[in-house]
Amino acid sequence: MTTLICTLQDHLDDVNWCAFSAKLLATCSGDKTLRIYNTSDFSELPFSPLSGHGYSVHCCCFSPCGQFLASCSTDATTLVWSMVTGEIEAIMEHPGRSPVRICALSPDSTHLVSGASDGTLALWDFPSKQLHRTRAVNDTTMVACSFSPCSQVFVTGSTYGDLRLWDLDMNQLHAEKNAHDLGVTCCTFAPCILSSDRIVQFQLASCGQDSLLKIWVIKKFSSGAHKMQLLHTLTGQSAPVLSCAYSSDGQLLVSGSVDKTVTIYDAKNGVSLYTLNQHERYVTACSFCPTAPLIATGSMDKTVNIWRLEDGCSGHGGKGGKSHTVESLLTSSEGKASAGRLNLLVADWSEEDVSAWLVDEGLHQLVDKFRDNNIDGTELLSLTKETLASELFIESVGLRNKILRKIEELKNESAWSSIPDEFLCPITRELMKEPVIAADGYSYEREAIESWINTKNRSSPMTNLPLLTTLLTPNHTLKMAIGRWKTSH
């Protein structure tokens, strides 16, 4: 079950955003303040509320270490607060002095991006709090932003309805026009990365005024090209969806809506688990706690509700009403991959997953035939020319060959996408060829860590702490393990 454990009623106006760190919860409001709570008992910290903005505070986000909190406001500033003292550490004035609607910190704490009502974006060097670059998208308002888990790209969403992918030089890598017909309201990357020696994949959730929550796959190819594909369209809410957030392991997705509801989904399969109905007005904010099975939801009713997800909560997860415990979805680091071509374990696909794959591959005409013959992932992988002809009665030789080619591509993609994480370089997220051990104890691809050391002032890519030495030791054991894995695949 899902239990409402407390309601915070300290704000005097609409709650616009809420964010968790490992130990704290931050909320911000139209009352110009931010409030900080201890997640152990949700008591307010002594230095809370934080008062520094002149107008409504639209968004707030913690640095990964939890030491800093960034907030942005209609007053055209982004403030950085110390979570030790509650004091303002920096004031970053947005170029053009336009109201700042959104801000986001990169997972490696290197950059902060802010988006404004005039369509401008500002990318800041977070350690120095200096402006790095600016860009503008005409005739729109920036209202959503999220960094990828690798910190190398970020996505923005606007009232125009588009989603745009940018690199750290503010080059536009991809634009998904009309992602949400009436405007984007929020977007967030899932925390996980899937990679092979050819493709790096991210998952992104977005929501909008069209009352839809969408899950996308963003692929980066070795050529440098990017592609964005729609994976799921979720229709669990009946009015504009204003906010969305992933759990820390990417298993769950929560959204808040103008219909006053909070809906929780199994993010991997795009299935609604259950809906919460406790707010009296629009639900404008939602966030998962990274260290406990808790969700915070904020509303225009001026309250923040804290929910506990307890073992035994379940929803219907597809054909046959398969149930999932929310606790296991929150804490498990394993589990099946998502449906469609993002799935890593094709043999575990359900019949619905196979149907979705057929649609993705342009084989719509075969969906009913495969369903009638109960073709799941295991059956799909075992199909041959003979079974396609004699059991599925597919007469066209060309169509049979096309199906078999698609299945072969699927097998190859699945094999390479399931590379053990310890075989991937933490910097490039690619299979290592010459793994070496650095002074921080982590293994990296030699070329990648050497380049990092030469350009990043000898800091550890994993800890951000100084490397005591630049000596790199070949990891022969890991190299042999990678070789054995490649041979078997």
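Strands, such as the β8 discussed below, are DSSP runs of E covering at least two residues, and they are numbered from the N terminus. In the predicted model considered here, T78 belongs to one such run, strand β8, which spans residues 77-82. Before this strand is described in detail, the overall make-up of the protein is set out.

The protein contains 8 helices and 32 strands. Of its 489 residues, 55% count as buried, and the accessible surface comes to about 21100 Å², with carbon and sulfur atoms accounting for 48% of that area. When contacts between residues at least 6 apart in sequence are considered, 45% of them join residues that are at least 24 apart.

Attention turns next to strand β8 and its surroundings. In this strand, 6 of the 6 residues are buried, so β8 is largely enclosed by the rest of the structure. In a regular strand, side chains alternate between the two faces of the sheet. For β8, both faces are covered, with T77, L79 and W81 buried on one side and T78, V80 and S82 buried on the other. The cut-off for calling a residue buried is a relative accessible area under 20%, and T78, at 1% relative accessibility, therefore counts as buried. Leaving aside residues up to four places away in sequence, T78 touches A70, S71, C72, A90, I91, M92, V100, C103, L112 and S114. One of these contacts, A90, is 12 residues from T78 in sequence, while the C-alpha atoms of T78 and A90 are 8.3 Å apart in space.

The pairing of β8 with two other strands adds to this picture. On the one hand, β7 and β8 are joined by 5 bridges and pair in the antiparallel sense, with S71 having L79 of β8 as its bridge partner. These two strands form a hairpin with 3 residues between them, and A76 in the turn has a positive phi of about 75 degrees. On the other hand, β8 also pairs in the antiparallel sense with strand β9, residues 88-93, over 5 bridges, and here T78 stands opposite M92. The hairpin of β8 and β9 has 5 residues between the strands, and G86 in its turn shows a positive phi of about 80 degrees.

Aromatic side chains provide a further set of contacts, and the structure holds 3 aromatic pairs. One of them is formed by F68 and F126, which meet edge-to-face at 6.1 Å centre to centre, with 75 degrees between the planes. F68 lies in strand β7 (residues 68-73), whereas F126 lies in the loop between β12 (120-125) and β13 (130-136), so this pair ties together parts that are 58 residues apart in sequence. Both F68 and F126 are buried. Another of the pairs involves F189 and F202, whose ring centres are 5.9 Å apart and whose planes stand at 80 degrees, so this pair is edge-to-face. Because F189 is in strand β18 (residues 184-189) and F202 is in strand β20 (residues 199-208), the pair ties together parts that are 13 residues apart in sequence. F189 and F202 are both buried.

The rings of F68 and F126 are also linked to a lysine. The charged end of K129 sits over the ring of F68, at 5.5 Å from its centre, and K129 also lies over the face of F126, at 4.4 Å from the ring centre. K129 is itself part of the hairpin of β12 and β13, which has 4 residues between the strands, and there K129 takes a positive phi near 60 degrees. The strands β12 and β13 pair in the antiparallel sense over 6 bridges, and Q130 in β13 is the bridge partner of D125.

Elsewhere in the chain, an open sheet of 4 strands is found, with the order β23-β24-β25-β26 and antiparallel pairing. Its edge strands are β23 (241-246) and β26 (271-276), each of which pairs on one side only, and the twist from one strand to the next averages 20 degrees. Within this sheet, β25 (residues 262-266) is joined to β26 by 5 bridges, the two strands running antiparallel, and Y265 stands opposite S272 in β26.

Key:
Residues numbered from 1 in each chain as written. Predicted model: local features only at pLDDT ≥ 70, side-chain atom pairs only at ≥ 80, totals over all residues. Heavy atoms only, no water. Pairing = 2+ DSSP bridges. Axes fitted to C-alpha atoms, helices over the stretch in contact; angles between N-to-C directions. Buried < 20%, exposed > 50% of the residue type's maximum accessible area, 1.4 Å probe, protein only. Contact = heavy atoms within 4.5 Å. Phe/Tyr/Trp six-rings, centres within 6.5 Å; stacked < 30°, edge-to-face > 60°. Lys NZ or Arg CZ within 6 Å of the ring centre and 35° of its normal. Areas by Shrake-Rupley, 256 points an atom, 1.4 Å probe, with all protein chains shown as cover.
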